Amino acid sequence: MELHGKVICYGDHIDTDVIIPARYLNTFDPKELAAHCMEDLDLEFSKKIKSASIVAAGKNFGCGSSREHAPLALQASGVKAVIAHSFARIFYRNAINIGLPIIECPTLAEQIREGDSLCILFDQGIIRNETANREYTFPPFPPFLQTIIAAGGLESAVRKGLLDQ
């Protein structure tokens, strides 16, 4: 799997309350969640995401509550991948469960700039910053996670029988 996109950057400890504020947790409608994604942190997010598809952040992205709404709001907004120094574990699992690829790459997270163009080669564990002409590595997803992401999430992979052995 390969992804090309521009980056929107955020800092450390972006919690799920900022990704999707609690006042919108009465819905699981992806369009409604997307309309309010990141609004308490970045009022321009919905405009920025129209020309970008990758979110980059610092340490502990997705910390806070275990709400499943947060990765869903990002994905519904048009985010195709999140790269961070580190993730809160429950956010990591929730993102994979819906097929949103998230990558821990501390070096890239420290060096990336808003608007940089990236090429992510998931199978090889390589991220190319085409703007800065630099390359970074990350541990590729194991085959079963690649299957889940390619299927559009865990539920879809199970329904299609892709995880049966």
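**Loops, helices and cysteines of a predicted model**

Modeller: Met38 is placed in the loop that runs between helix 2 (30–36) and helix 3 (45–48). Helices here are DSSP runs of H or I with at least four residues, strands are DSSP runs of E with at least two, and both are numbered from the N terminus. The model is predicted, so local features need pLDDT of at least 70 and side-chain atom pairs count only at pLDDT 80 or more, whereas totals for chains, interfaces and linings use all residues. Residues are numbered from 1 along each chain as its sequence is written, and side-chain values use heavy atoms, with hydrogens and water left out.

Colleague: Why is Met38 called buried?

Modeller: Buried means under 20% relative accessible area, exposed means over 50%, and partly exposed lies in between (1.4 Å probe, protein chains only). Met38 has a relative accessible area of 0%, so the residue counts as buried.

Colleague: What makes the backbone of Met38 noteworthy?

Modeller: Its phi is positive, about 65 degrees, although Met38 is not a glycine. Most residues other than glycine have a negative phi.

Colleague: Which residue in the loop between strand 2 (54–57) and helix 4 can be set beside it?

Modeller: Asn60 is found in that loop. Asn60 is likewise a residue other than glycine with a positive phi, near 60 degrees.

Colleague: Why is Asn60 called partly exposed?

Modeller: Its relative accessibility is 26%, and it therefore counts as partly exposed.

Colleague: How do you know that His69 is buried?

Modeller: His69 belongs to helix 4 (residues 69–77). Its relative accessibility is 8%, so His69 is classed as buried. Beyond residues up to four places away in sequence, His69 touches Ile20, Leu25, Thr27, Phe28 and Leu33, where contact means heavy atoms within 4.5 Å.

Colleague: What makes Gln75, also in helix 4, partly exposed?

Modeller: The relative accessibility of Gln75 is 28%, and for that reason the residue counts as partly exposed. Leaving aside neighbours within four places in sequence, Gln75 is in contact with Ile98, Gly99 and Leu100. The C-alpha atoms of Gln75 and Ala95 are separated by 8.8 Å, with these positions 20 residues apart along the chain.

Colleague: Which residues of helix 5 are buried, and against what do they pack?

Modeller: Phe91, Tyr92, Asn94, Ala95 and Ile96 are the buried ones in helix 5. They pack against helix 1 (16–19), helix 4, strand 4 (102–104), helix 7 and helix 8. After helix 5 comes Gly99, with a positive phi near 85 degrees.

Colleague: Why is Asn97, which is found in helix 5, called partly exposed?

Modeller: Asn97 has a relative accessible area of 27%, and so it is partly exposed. Not counting residues up to four places away in sequence, Asn97 touches Gly153, Leu154 and Glu155.

Colleague: Which residues are buried in helix 7, and what lies against them?

Modeller: In helix 7 (residues 143–151), Leu145, Ile148, Ile149 and Ala151 are buried. The buried residues of helix 7 pack against helix 5 (89–97) and helix 8 (154–159). Just after helix 7, Gly152 has a positive phi of about 90 degrees.

Colleague: How many disulfides are there, and how do you know that Cys105 is not in one?

Modeller: A disulfide is a pair of cysteine sulfur atoms within 2.5 Å, and by this rule the count is zero. For Cys105, the closest cysteine sulfur, in Cys9, is 13 Å away, so the distance is too far for a bond. Cys119 is in no disulfide either, the nearest cysteine sulfur being that of Cys105, 14 Å away. Cys105 is buried because its relative accessibility is 3%, and Cys119 is buried because its relative accessible area is 3%.

Colleague: What makes the protein as compact as a globular protein of its length?

Modeller: The protein has eight helices and seven strands. Its radius of gyration is 15 Å, close to the 15 Å that the globule rule gives for 165 residues, so it is as compact as a globular protein of that length. The radius is taken over C-alpha atoms, and the rule is 2.2 Å times the number of residues to the power 0.38. Of the 165 residues, 49% count as buried.
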